[in-house]
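User: Could you take a close look at one part of this model for me, the sixth helix and the loops on either side? I'd like some context on the whole chain too.

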Amino acid sequence: MSSFFTEIRQTFVPAPGSRHGPLPPMLVGLTLVTGLVDAFSYLVLGHVFVANMTGNIVFLGFALAGAPGFSFWASVVALVSFWVGALLGGRLGARLGQHRGRFLATAVSVQAAYLLAALILSALSASPVPTAARYPLIVLLAIAMGLQNASARKLAVPDLTTTVLTLTITGTAADSALVGGSGSTGGRRFTSVATMFLGALIGALLIRHGHSTLALAAALAVLVVVAASALRLRHADADWVRP
């Protein structure tokens, strides 16, 4: 149990000389962004996710079956836009990935620009969001989250994918000491799951109380903090900057 809490602490405050340096707490911040943004997309833009693409694949099936409340085109637009964002993240990774600090600073800064555009559009839109604003919001947010997912994939910090939790949750059981596993990284996995839950909870509470734009504002504020932290690491020369 002590190792579990030690892993949680080291996720937020990495030990000096750790393999991934200061990356884990910044990826935790991006995981919080996922919860906030998906709360906004699902509750404000209709039954569509902009970060968790597995859900959109399922929603496509629901929409084709005629289930009420699901939009075929909203899911398609989200999937295509997410793919474009992942492509952008892949190109940035190919150019800058040899220095993980420089790559993260650039990727998060670009992501923040997309989220800022979505925030402005949301603030200028009526409530409920009209179709004319709904699809541009889906495009902007899905591109931002596709970029984030590709960035986390390139950084390759175990159990901090920032958008996908299915394998993380599976690992908490399949690798646990209860089944003879090592039980390693249980604290980090718990942190990842709890952080996304917290982001979704905060986003849903803001939206339910009539402050939907604040959910995006909170996500942007977290991104700005992560970007500012990463910008300070652009010229770092420690072992962790190398892939």
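Analyst: Quick definition before we dig in: accessible areas here come from the Shrake-Rupley method with a 1.4 Å probe. On that basis the chain exposes about 11700 Å², and carbon and sulfur atoms supply 68% of it. Keep in mind that this is a predicted model.

Now the wider setting. The chain has 9 helices and 0 strands, so going by the DSSP runs, your helix α6 belongs to a chain whose elements read α-α-α-α-α-α-α-α-α from the N terminus on. A compact globule of 243 residues would have a radius of gyration near 18 Å, and the chain agrees because its own value is 18 Å. Along the principal axes, the C-alpha atoms fill a box of roughly 50 × 45 × 35 Å. Of the 243 residues, 45% count as buried. If you take the contacts with a separation of 6 or more, 72% of them come from residues 24 or more positions apart. On the charge side, there are 15 positive and 6 negative side chains, with the centres of the two sets 10 Å apart.

Let's walk into your region from the N-terminal side. Helix α5 covers 100–124, and L124 lies in that helix. L124 is exposed because its relative accessible area is 72%, and the cut-off for exposed is over 50%. Its C-alpha atom is 9.7 Å from that of T213, although the two residues are 89 apart along the chain.

Next comes the loop between α5 and α6, and that is where you find P128. A cis peptide bond joins S127 and P128, with omega at about 0°. That one deserves a glance, because most peptide bonds are trans.

Then helix α6 itself, which spans 131–155. Two of its residues are worth a stop. R134 is found in this helix, and despite being an Arg, which is counted as positive, R134 counts as buried because its relative accessibility is 17%. Leaving out residues up to four places away in sequence, R134 touches L45, G46, S71, A74 and V129. V129, one of those partners, is joined in that list by residues such as L45 and S71. R134 can also be placed against L121: the two are 13 residues apart along the chain, and their C-alpha atoms are separated by 9.5 Å.

Further along α6 sits S151. S151 is buried, since its relative accessible area is 5%. With residues up to four places away again left out, S151 touches F103 and A107. Both partners have numbers that fall within 100–124, the range of α5.

Past the end of α6 you enter the loop that leads to α7 (166–174), and A156 lies there. A156 has a positive phi of about 55° although it is not a glycine. D159 is in that loop between α6 and α7 as well, and its phi is near 65°, again a positive value in a residue other than glycine. These two stand out because most residues other than glycine have a negative phi. What about their exposure? A156 counts as partly exposed because its relative accessibility is 48%, whereas D159, at 16%, counts as buried.

Technical notes. Residues are numbered from 1 along each chain as its sequence is written. This is a predicted model: local features need pLDDT of at least 70, side-chain atom pairs count only at pLDDT 80 or more; totals for chains, interfaces and linings use all residues. Side-chain values use heavy atoms; hydrogens and water are left out. Helices (H or I, at least four residues) and strands (E, at least two) are DSSP runs, numbered from the N terminus. The radius of gyration is taken over C-alpha atoms; the globule rule is 2.2 Å times the number of residues to the power 0.38. Buried means under 20% relative accessible area, exposed over 50%, partly exposed in between (1.4 Å probe, protein chains only). Contact means heavy atoms within 4.5 Å. The place of a charge is taken as NZ of Lys, CZ of Arg, CG of Asp or CD of Glu.
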